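Visitor: I am new to this structure and would be grateful for a guided introduction. May we begin with the charged side chains and then turn to the helices and loops?

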Amino acid sequence: MNLKEGMPLSGPLNAAFERQKARRDSAPGLEARERRAALAQLEGLLRENASAFCEAVDRDFSGRAVAETQLLELFPSLEAIAHARRHLSAWMRTRRSATNLWFLPGRSRVMFQPLG
């Protein structure tokens with residue numbers, strides 16, 4: 001639904017959104033190995049299509065330099081992917097948590113799961 005008008009979305013955007021929802025629902029929790037593979041694939045796509053991204057941004061901004069696009073768009077994205085790859089195991093690790101007095105002698109832990 002379009003949030004402003006209360007109208008359903010249509011066309012290619014809606015189809016892409018529905019494919020994303022179906023993919024999310026089919027594999028709710030990916031393992032670390034699968035997440036690393038997805039990050040590697042994303043990095044590969046960014047690197048392979050860097051010139052196309054630069055050209056598209058150049059058209060959008062009516063004359064933006066390639067070096068500026070690389071500095072402001074591509075390099076931060078690649079660094080974020082590298083950061084996620086380095087910290088992925090720690091982010092996914094189950095953590096112990098304090099247990100409320102009412103629930104003793106039970107134990108508590110936090111298990112992180114993706115939201116979407």
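Visitor: Which residues are linked in a network of salt bridges?

Guide: This is a predicted model, and what follows is computed from it. Side chains of opposite charge can pair when their charged atoms come close. Here such pairing joins three residues into one network of salt bridges: Glu 43, Arg 47 and Arg 85.

Visitor: How far apart are the closest N and O atoms of Arg 47 and Glu 43?

Guide: Both residues belong to helix 2, where they stand four residues apart and are therefore separated by about one helical turn. Arg 47 is exposed, at 52% relative accessibility, whereas Glu 43 is buried, with a relative accessible area of 17%. Their side chains form a salt bridge, and the distance between the closest N and O atoms is 3.1 Å.

Visitor: Is Arg 64, at 11% relative accessibility, buried or exposed?

Guide: Arg 64 forms a salt bridge with Glu 73, with 3.2 Å from N to O. Glu 73 has a relative accessibility of 36% and counts as partly exposed. A residue is buried when its relative accessible area is under 20%. Since Arg 64 has a relative accessibility of 11%, the term that applies is buried.

Visitor: Which residue forms a salt bridge with Arg 86?

Guide: Arg 86 is exposed, with a relative accessible area of 54%. Its partner counts as partly exposed, at 44% relative accessibility. The closest N and O atoms of this pair are 3.4 Å apart, and the partner is Glu 79.

Visitor: How many salt bridges are there by this rule?

Guide: The rule asks for a side-chain nitrogen of Lys or Arg within 4 Å of a carboxyl oxygen of Asp or Glu. The pair Arg 47 and Glu 43 is a case in point, at 3.1 Å. By this rule the count is six.

Visitor: What is the pattern of the protein along the sequence?

Guide: The protein contains four helices and two strands. Reading along the sequence gives their order, which is α-α-α-α-β-β.

Visitor: Is helix 2 roughly parallel or roughly antiparallel to helix 4?

Guide: Two packed helices are described by the angle between their axes and the distance between the axes. For helix 2 (residues 32–48) and helix 4, the angle is about 175° and the axes are 10 Å apart. Angles over 145 degrees count as roughly antiparallel. The relation of helix 2 to helix 4 is therefore roughly antiparallel.

Visitor: How many residues of the contact of helix 2 with helix 4 are nonpolar?

Guide: From helix 2 the contact includes Leu 39, Leu 42 and Leu 46, and from helix 4 it includes Leu 78, Ile 81 and Leu 88. Among the other participants are Glu 43, Arg 47 and Arg 85, which are also linked in the salt-bridge network. The residues of this contact comprise five charged, two polar and, for the class in question, 11 nonpolar.

Visitor: Which residue other than glycine has a positive phi, near 55°?

Guide: Most residues other than glycine have a negative phi, and most peptide bonds are trans. The residue in question lies in the loop between helix 3 (50–60) and helix 4 (66–92). It is exposed, with a relative accessible area of 67%. With phi near 55°, the residue is Ser 62.

Visitor: Which peptide bond is cis?

Guide: The loop between strand 1 (95–97) and strand 2 (108–110) holds Pro 105. The bond leading into this proline has omega near 10°, and the cis bond is the one from Leu 104 to Pro 105.

Conventions: Residues are numbered from 1 along each chain as its sequence is written. This is a predicted model: local features need pLDDT of at least 70, side-chain atom pairs count only at pLDDT 80 or more; totals for chains, interfaces and linings use all residues. Side-chain values use heavy atoms; hydrogens and water are left out. Buried means under 20% relative accessible area, exposed over 50%, partly exposed in between (1.4 Å probe, protein chains only). Axes are lines fitted to C-alpha atoms, for helices over the stretch in contact, and angles run from 0 to 180 degrees between N-to-C directions. Angles under 35 degrees count as roughly parallel, over 145 as roughly antiparallel, 65 to 115 as roughly perpendicular and the rest as oblique. Contact means heavy atoms within 4.5 Å. Ala, Val, Leu, Ile, Met, Phe, Trp, Tyr, Cys and Pro count as nonpolar, Asp, Glu, Lys and Arg as charged, and the others, Gly among them, as polar.
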